[in-house]
Amino acid sequence: MNRDDRMTTQRSTKPYVAATPWLDPKAVPFIQIKNLSKQFDKFTAVDKVNLDIYQGELFTILGGSGCGKSTLLRMLAGFEEPSAGQIIIDGVDMANIPAYDRPINMMFQSYAVFPHMTVEQNIGYGLKKDNLPKAEIATRVKEMLDLVQLGDLAARKPHHLSGGQRQRVALARALIKQPKVLLLDEPLAALDKKLREQTQFELINLQYELGITFVVVTHDQEEAMTLSDRLAVMNTGKFIQTGTPTQVYESPINRFVADFFGTINFFNATVISSDPAAKKLSAKLEKTGTKLDANSETAFAEGAEVTIAVRPEKIIISQKRPDGDHITITKGTVEDLAYYGNRSLYRIRSQSGRIIQVSAQNYQRSEALTLEWDDEVFLSWDSSCNVVLSE
Ligand SMILES: Nc1ncnc2c1ncn2[C@@H]1O[C@H](COP(=O)(O)OP(=O)(O)OP(=O)(O)O)[C@@H](O)[C@H]1O
Ligand SMILES: [Mg+2]
């Protein structure tokens with residue numbers, strides 16, 4: 001969901017924040033990460049990361065286990081010292097600013113709530129430690145309880161809460177100190193799928209209502225897609241691609257991103273001609289010789305080997321050969337099919353012997369629904385769905 005979608009669903013009276021500050025040359029980033037690296041002995045956990053995050057943004061860092069996500073967050077929070085590079089928050093260089101003086105709070109990967117304290121005491125803990133007056137603590141705890149909808153459970157101890165409720169206690173604890181930035185390391189990982197999906201929306205609403213900048217770490221691409229204004233795909237300490245979920249999904253820059261971020265089919269192809277000015281490329285598939293067109297602003301030499309990537313939901317299955325311009329057509333047989341209520345997944349064996357994955361929404365009784373194993377079918381998709389990758 002992007003910010004524009006969120007606008008329409010919000011009750012908030014929060015001041016308007018440009019929907020896409022990263023496109024505004026005059027917008028000043030709230031967090032600037034410059035050439036940031038972290039070395040543990042000879043091992044590089046974070047490798048020259050550059051990133052600007054804007055106020056009120058929900059930015060997600062997405063990557064597999066061990067790619068450096070938590071290390072990056074810990075450097076932002078001030079729990080880990082960078083080996084090189086710079087972190088600037090709200091115009092201030094964080095180099096000599098200790099964790100407790102940063103306008104940041106962090107919700108850790110395995111969020112800790114104190115088991116011996118009630119929900120209320122857990123949430124108020126940070127303020128009590130700061131020796132705030134009792135009356136102020138009580139008011140702010142009450143506000144937080146309302147915000148995360150735990151008012152009725154204020155007197156409970158954590159082991160009498162569900163996972164989702166515990167997660168909300170941890171969130172309220174992190175938010176009560178009114179940080180300008182909240183770092184959340186795998187905030188929803190402990191929840192089951194259904195609760196996770198529900199909590200994702202609660203998190204988005206909360207973030208928007210409070211106007212706090214969120215930096216979320218996750219290894220779950222669907223979660224990143226749902227939550228983020230923008231996201232970065234990280235691998236072996238590096239940012240591979242940064243953009244909106246749609247940009248990264250529709251225009252992955254290489255095979256790694258395409259493969260990591262959703263399901264995709266890869267075809268090896270050879271370039272026939274390339275005209276970057278007209279954003280055109282024509283190529284033929286390696287095994288079947290199928291000719292195809294694609295949009296590409298990159299120049300390729302004739303004969304260059306490229307990968308053509310196509311998302312499964314872009315492909316249409318039909319039993320008759322489709323006609324029309326600007327479509328890529330190939331043939332195959334049904335190897336496997338599975339119905340998942342609202343959608344069907346097909347594995348089609350192409351003439352070259354490889355498997356092509358196709359998914360279709362079951363919003364109507366379509367011709368494809370009558371397919372059987374071993375049926376011969378045509379697969380077709382619009383040329384604009386061909387993503388050209390050179391690495
Ligand atoms: N204190 C440390 N000393 C040595 N190596 C470390 C230390 N902390 C992290 N590492 C290594 O740095 C790499 C990145 O770790 P990090 O915790 O940032 O990964 P992550 O992306 O958060 O992974 P996960 O998704 O599993 O939480 C890992 O290979 C890890 O073993
Ligand atoms: Mg981690």
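Helices and strands here are DSSP runs, with at least four residues for a helix and at least two for a strand, numbered from the N terminus. In these terms Phe-239 is found in strand β10, which covers residues 238-243. The model described below is predicted.

## Overall layout

The chain has 391 residues, of which 36% count as buried. Its secondary structure comes to 9 helices and 20 strands. Taken along the principal axes, the C-alpha atoms fill a box of roughly 75 × 45 × 40 Å. Among contacts in the chain with a separation of 6 or more, 64% are accounted for by residues 24 or more positions apart.

The domain assignment gives domain 1 as 3-103 + 179-258 and domain 2 as 264-389. On the contact between these domains, 5 residues come from domain 1 and 6 residues from domain 2. The side of domain 1 that touches domain 2 divides into 2 nonpolar, 2 polar and 1 charged residues. The C-alpha centres of domain 1 and domain 2 lie 34 Å apart.

## Phe-239 in β10

Phe-239 has 20 C-beta neighbours inside 10 Å, and therefore counts as buried. Leaving out residues up to four places away in sequence, Phe-239 touches Val-49, Leu-51, Ala-232 and Met-234. Leu-292 is 53 residues from Phe-239 along the chain, and the C-alpha atoms of the two are separated by 31 Å.

## The surroundings of ligand 1

Which residues come nearest to ligand 1? Of the 13 residues around the ligand, these are Phe-40, Ala-45, Ser-65, Ser-70 and Thr-71. Two elements, β2 (43-53) and α2 (69-77), give two or more residues to the shell around ligand 1. The largest share of the shell, 3 residues, comes from α2. By residue class, the shell around ligand 1 holds 4 nonpolar, 8 polar and 1 charged residues.

Helix α2 is largely enclosed by the rest of the structure, because 8 of its 9 residues are buried. The buried residues in α2 are Lys-69, Ser-70, Leu-72, Leu-73, Arg-74, Met-75, Leu-76 and Ala-77. After α2 comes Gly-78, whose phi is positive, near 95 degrees.

## A sheet of five strands

An open sheet of 5 strands has the order β13-β12-β11-β14-β20, and the pairing is antiparallel. Why is one side of β13 and of β20 left without a neighbour in the sheet? β13 (291-295) and β20 (387-389) stand at the edges and each has a single partner strand, so one side of each has no neighbour in the sheet. From one strand to the next, the twist averages 45 degrees.

Within this order, β11 and β14 are one of the pairs. Strand β11 (residues 265-275) pairs with strand β14 (residues 305-310) in the antiparallel sense over 6 bridges. Asn-265 stands opposite Val-310 in β14. Strands of a sheet pair through backbone hydrogen bonds, either parallel or antiparallel.

## The hairpin of β17 and β18

A further pair is the hairpin formed by β17 and β18, with 4 residues between the two strands. Strand β17 covers residues 343-350 and strand β18 residues 355-361, and they pair in the antiparallel sense over 7 bridges. Arg-347 stands opposite Gln-357 in β18. In the turn of this hairpin, Gly-353 has a positive phi of about 100 degrees.

The two strand pairs are set out below.

| Pair | Sense | Bridges | Facing residues |
|---|---|---|---|
| β11 and β14 | antiparallel | 6 bridges | Asn-265 opposite Val-310 |
| β17 and β18 | antiparallel | 7 bridges | Arg-347 opposite Gln-357 |

## Positive phi outside glycine

Asn-131 is a residue other than glycine with a positive phi, near 60 degrees. Where is Asn-131 placed? Asn-131 is in the loop between α3 (119-129) and α4 (134-147). With 7 other C-beta atoms within 10 Å, Asn-131 is exposed.

Lys-279, also a residue other than glycine, has a positive phi near 55 degrees. The loop between β11 and β12 (280-285) holds Lys-279. Is Lys-279 buried or exposed? A residue counts as exposed if 12 or fewer other C-beta atoms lie within 10 Å of its own. Lys-279 has 11 other C-beta atoms within 10 Å, so Lys-279 is exposed.

Methods
Residues are numbered from 1 along each chain as its sequence is written. Chains are lettered from A and ligands numbered from 1 in the order in which they are written. This is a predicted model: local features need pLDDT of at least 70, side-chain atom pairs count only at pLDDT 80 or more; totals for chains, interfaces and linings use all residues. A residue is near a molecule or strand if its C-beta atom, placed from the backbone, lies within 6 Å of it. Ala, Val, Leu, Ile, Met, Phe, Trp, Tyr, Cys and Pro count as nonpolar, Asp, Glu, Lys and Arg as charged, and the others, Gly among them, as polar. Domain bounds come from an automatic or database domain assignment. Two residues are in contact if their C-beta atoms, placed from the backbone, lie within 7 Å. Two strands pair if DSSP finds at least two bridges between them. Axes are lines fitted to C-alpha atoms, for helices over the stretch in contact, and angles run from 0 to 180 degrees between N-to-C directions.
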